[in-house]
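Me: I should like a close look at how one pair of helices packs together in this protein. Please then place that pair beside the other features that deserve attention.

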Amino acid sequence: MKNWPSHRMQKLFNIELPLIQAPMAGVDSVELAAAVSNAGGLGSLACALLSVDQLREEFKKLRSLTTMPVNLNFFCHENPKNTDAQQAGWKEHLSKYYLQLGLDPNASYPTALRVPFNEDYCAVVEELKPEVVSFHFGLPSLELMKRLRSVGCKIISSATTVTEARWLEERGCDAIIAQGFEAGGHRGSFLTHDIAAQVGTMALVPQIVDAVRVPVIAAGGISDARGIAASFLLGACGVQLGTAYLFCPEAKVSKLYLQTLQQATDDQTVLTNVYSGKPARGIRNIFIQEEGPISTLAPPFPFAGPAVNPLRKKSEELGRNDFVQMWSGQAASLGRVLPAAELTKKLSRETLALLVK
C-alpha cells in the first residue's frame with residue numbers, strides 16, 4: 001500500500017491496490033473478478049442479466065476462486081410502461097436486417113432483459129454478503145440500502161455530473177465513481193439525459209472531488225499507468241478500468257470482438273442507443289452507422305434490446321461485426337493482452353513508478 005498518494009479506497013474496501021475491474025454485463029466473468037481480487041484489486045461481477053438463482057450459483061463459483069473482497073453490480077433503472085407499440089415498430093423497422101441475415105422477422109427469439117435491483121436481488125445479496133455492492137443509474141430505495149448495510153456491504157455508484165455525485169453522497173454512498181464521457185458501455189446518468197453536455201474524465205474528477213467528502217473513483221478512458229497516475233493527481237482515491245480488462249483471457253469476449261478491439265483507434269467509438277435504448281459507448285459498425293448513433297425509433301431502455309439480439313447473435317455466427325455490440329472506451333488502443341492478475345499488478349507497478357518520480 002505504500003507510495004500511493006491516497007489509501008482511502010484500500011482502507012474502505014480492505015484491498016491492497018486502488019484498482020477496480022469494472023463490471024461488464026455479458027463479458028465479465030467470475031474468473032476475471034477472482035483474478036483481479038486475488039491480485040490485490042477489487043474484482044467485479046455484473047448481475048443485471050443474472051436471475052437470482054444464477055447469481056447465487058455464480059457467486060458460489062466466485063467464492064471458490066477467491067476469499068478476497070469482491071463487488072456485485074446492479075442496475076437501478078425503472079422499466080417504462082406501455083412500450084409494446086414502440087417495440088413492435090422497432091422490430092418492424094429492423095426486419096430488413098433480419099432478411100439480410102437470413103432470419104425470420106416474425107419468429108420468436110429468446111432474450112434476456114436487464115432487471116433492476118429489487119427485493120429478490122436484495123434478499124440474495126443479504127444471503128451472499130459481498131464486501132461491496134455497486135449500482136448504475138442511481139441507487140435503490142433507502143430501505144433496500146439499509147438492508148445491504150446491515151450485512152456489512154459497502155455501497156458505491158456512478159455519477160456523470162457533480163449534481164449526481166452530491167445526490168449519491170446525500171443518500172449514503174461510501175464512495176462515488178466519477179464516470180467521464182470517455183467510458184465504454186452504458187452512461188451511468190440518472191439525473192440528466194443531455195448527451196451533448198456530458199463531461200470528460202479530466203474535467204469531471206476534480207470537480208466531484210471538490211464537491212463531496214467521500215472517496216472518488218475515476219473512470220472513463222483510463223487504460224494504462226499514465227491515466228491512473230493522472231487520476232490521482234486530479235484527486236481521485238482509486239480508478240475503475242473496464243476496456244483494459246476486455247483484453248484479458250478471463251473476459252468472455254468473442255474472438256471477433258477482441259480482434260475489433262485490438263484494431264480500434266481513438267475515434268472509432270460513439271455513444272449510441274440502438275442496442276439497448278440507453279446511450280452507451282461502443283465501437284462504430286454498420287448497424288450503428290445506419291440506425292444511429294442515436295435513434296428516435298429505439299424504444300426506451302431496456303426494451304430496444306430484444307429486437308436487436310437475434311441480429312447480434314447471427315452476425316457473430318457469420319463472422320461479421322456488422323451488428324455485434326462491442327462496448328469500448330476511447331482508449332482501447334492502449335489495451336494489452338495479459339492475464340488479469342498480471343495486468344493488475346503491472347498497472348500498479350507502472351503507476352507507482354510514475355507517481356514517485
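Reply: In this predicted model, the axes of helix 3, residues 52-65, and helix 6, residues 119-128, come within 10 Å and cross at roughly 20 degrees. Angles under 35 degrees count as roughly parallel, and helix 3 is therefore roughly parallel to helix 6. The crossing of helix 3 past helix 6 is right-handed. On the side of helix 3, the contact is made by Val52, Leu55, Arg56 and Phe59. Helix 6 contributes Asp120, Tyr121, Val124, Glu127 and Leu128. Sorted by class, the residues of this contact comprise six nonpolar and three charged ones, with no polar residue.

Two packed helices are described by the angle between their axes and the distance between the axes. The same description may be applied to two further pairs.

The next pair consists of helix 8, residues 162-170, and helix 9, residues 201-211, whose axes come within 9 Å and cross at roughly 40 degrees. Their crossing is right-handed. Helix 8 takes part in the contact through Val162, Ala165, Arg166 and Glu169, while helix 9 does so through Leu204, Gln207, Ile208 and Ala211. In this contact there are five nonpolar residues, one polar residue and two charged residues.

Another pair is formed by helix 2, residues 30-38, and helix 15, residues 340-355. Here the axes lie 8 Å apart, and the packing angle is about 35 degrees. The crossing of helix 2 and helix 15 is again described as right-handed. Leu32, Ala35 and Val36 of helix 2 meet Ala340, Ala341 and Thr344 of helix 15. Five of these contact residues are nonpolar and one is polar, and no charged residue is found among them.

The loops also contain features of the backbone that should be examined. In the loop between helix 13, residues 286-291, and helix 14, residues 305-317, lies Pro293. A cis peptide bond joins Gly292 to Pro293, with omega at about 5 degrees. Pro302 has its place in the loop between helix 13 and helix 14 as well. The bond that joins Phe301 to Pro302 is a cis peptide bond, and its omega is about 0 degrees. Elsewhere, the loop between helix 1, residues 8-13, and strand 1, residues 19-21, holds Asn14. Although Asn14 is not a glycine, its phi is positive, at about 60 degrees.

Finally, the empty space should be considered. Rolling a probe the size of a water molecule over the atoms shows where such space is left. The second largest pocket has a volume of about 370 Å³. Its lining is made up of 16 residues. Those that lie nearest the centre of this pocket are Phe137, Ser189, Phe190, His193 and Lys278. By class, the lining of the second largest pocket includes eight nonpolar, five polar and three charged residues.

Terms used
Residues are numbered from 1 along each chain as its sequence is written. This is a predicted model: local features need pLDDT of at least 70, side-chain atom pairs count only at pLDDT 80 or more; totals for chains, interfaces and linings use all residues. Side-chain values use heavy atoms; hydrogens and water are left out. On a 1 Å grid over the protein atoms alone, a cavity is a set of points where a 1.4 Å probe fits but cannot get out, and a pocket is an open set with protein on both sides within 12 Å along at least five of seven lines; lining residues have an atom within 4 Å of a point. Grid points are joined across faces, edges and corners, and a volume is the space filled by probe spheres set on the points. Ala, Val, Leu, Ile, Met, Phe, Trp, Tyr, Cys and Pro count as nonpolar, Asp, Glu, Lys and Arg as charged, and the others, Gly among them, as polar. Axes are lines fitted to C-alpha atoms, for helices over the stretch in contact, and angles run from 0 to 180 degrees between N-to-C directions. Helices (H or I, at least four residues) and strands (E, at least two) are DSSP runs, numbered from the N terminus. Angles under 35 degrees count as roughly parallel, over 145 as roughly antiparallel, 65 to 115 as roughly perpendicular and the rest as oblique. A crossing is left-handed if the near helix is turned anticlockwise from the far one by less than a right angle, and right-handed if clockwise. Contact means heavy atoms within 4.5 Å.
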